[in-house]
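Subject: Structure handover and findings

Dear colleague,

Please find below the structure that I am handing over to you. I would be grateful if you could read the notes after it alongside the coordinates.

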Amino acid sequence: GVLQITWEQADPFSTLRNGMGNHQILQLGLIILLSYLPEAAQYSCMFLYLRQVIKFTADEVATFIAVIGVLSVTFQTLVLAFLYNCVGHKTTMVIGLAFQVLQLIWFGLGLSKWMMWCL
């Protein structure tokens with residue numbers, strides 16, 4: 001059948017109230033929220049960086065963004081669900097933050113096309 005979602009399930013403030021009961025979840029949530037700042041800068045500068053520094057063509061930039069998008073959707077739907085079930089929410093958050101740090105470091109130090117494709 002069709003999955004029914006109630007307003008209580010979709011209420012972000014309800015989720016926030018539930019998270020405030022657990023100090024560690026609240027702390028990790030705040031870290032994840034703040035981690036969006038460098039990620040937002042990365043996304044806004046990515047096109048310029050790939051074109052000017054890495055010397056990607058317009059087609060290579062489009063292909064790169066498309067591949068990253070498909071991988072991101074796949075990871076977020078399949079791998080994260082698997083991790084949540086296997087190691088729990090807290091450990092999954094920590095793993096995600098660690099990989100984000102590694103990605104930002106690699107993106108910042110990458111100076112060639114092959115390094116961007118390994119990202």
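The notes below go from the overall fold to the aromatic rings and then to single residues.

**Overall fold**

Please bear in mind that the model is predicted. The secondary structure of the protein chain consists of six helices and zero strands, and the pattern along the sequence reads α-α-α-α-α-α. The radius of gyration of the protein chain is 18 Å, whereas the globule rule gives 14 Å for 119 residues; the value is well over that figure, so the chain is more spread out than a compact globule. Along the principal axes, the C-alpha trace spans about 50 × 35 × 25 Å.

Burial and surface can be stated for the chain as a whole. Of the 119 residues, 18% count as buried. The protein chain exposes about 8,900 Å², and carbon and sulfur atoms supply 71% of that area. As to contacts between residues at least 6 apart in sequence, 57% join residues at least 24 apart. The chain carries 5 positive and 5 negative charges, and the mean positions of the two sets are 10 Å apart.

**The aromatic rings**

How many aromatic pairs does a search of the whole structure find? The search returns five. One of them joins Phe56 and Trp117: the ring centres are 6.2 Å apart and the planes meet at 20°, which is under the 30 degrees required, so this pair counts as stacked. Phe56 lies in the loop between helix 3 (23–52) and helix 4 (58–87), while Trp117 belongs to helix 6 (residues 113–118); the pair therefore ties together parts that are 61 residues apart in sequence.

The two partners differ in their exposure class. Phe56 has a relative accessibility of 2% and counts as buried, whereas Trp117, at 42%, counts as partly exposed.

Trp117 also forms an aromatic pair with Phe64, and this one is edge-to-face, with 5.2 Å centre to centre and 75° between the planes. Here too distant parts of the chain are linked, since Phe64 is in helix 4 and Trp117 in helix 6, 53 residues apart. Phe64 is buried, at a relative accessible area of 1%. Through these ring pairs, Phe56, Phe64 and Trp117 are joined into a cluster.

**Helix 5**

Three residues of helix 5 deserve a note.

- Thr92 is found in helix 5 and is buried, with a relative accessible area of 3%. Apart from its neighbours within four places in sequence, Thr92 is in contact with Leu80, Leu83, Tyr84 and Val87.
- Gln100 is likewise found in helix 5. The relative accessible area of Gln100 is 12%, which is under the 20% cut-off, so this residue counts as buried. Not counting residues up to four places away in sequence, Gln100 touches Ser35 and Glu39.
- Phe107 is found in helix 5 (residues 89–109) and counts as buried at 10% relative accessibility. The C-alpha atoms of Phe107 and Met46 are separated by 9.4 Å, although these residues are 61 apart along the chain.

**Helix 4 and the loop before it**

Which residue other than glycine has a positive phi near 70°? That residue is Lys55, which is found in the loop between helix 3 and helix 4. Lys55 counts as exposed, at 54% relative accessibility. The same loop holds Phe56, which is buried at 2% relative accessibility.

In helix 4, Ala62 counts as partly exposed, with a relative accessibility of 47%. Ala62 and Val73 are 11 residues apart in sequence, and their C-alpha atoms are 17 Å apart in space.

**Points to look at**

When you open the model, I would suggest viewing the cluster of Phe56, Phe64 and Trp117, and then the contacts of Gln100 with Ser35 and Glu39. The phi value of Lys55, near 70°, may also be of interest to you.

With kind regards

Technical notes. Residues are numbered from 1 along each chain as its sequence is written. This is a predicted model: local features need pLDDT of at least 70, side-chain atom pairs count only at pLDDT 80 or more; totals for chains, interfaces and linings use all residues. Side-chain values use heavy atoms; hydrogens and water are left out. Rings of Phe, Tyr and Trp (its six-membered ring) pair if their centres lie within 6.5 Å; planes under 30 degrees apart count as stacked, over 60 as edge-to-face and the rest as tilted. Helices (H or I, at least four residues) and strands (E, at least two) are DSSP runs, numbered from the N terminus. Buried means under 20% relative accessible area, exposed over 50%, partly exposed in between (1.4 Å probe, protein chains only). The radius of gyration is taken over C-alpha atoms; the globule rule is 2.2 Å times the number of residues to the power 0.38. Contact means heavy atoms within 4.5 Å. Accessible areas come from the Shrake-Rupley method with a 1.4 Å probe; for residues, only the protein chains shown count as cover. Lys and Arg count as positive and Asp and Glu as negative; His and the chain ends are not counted. The place of a charge is taken as NZ of Lys, CZ of Arg, CG of Asp or CD of Glu.
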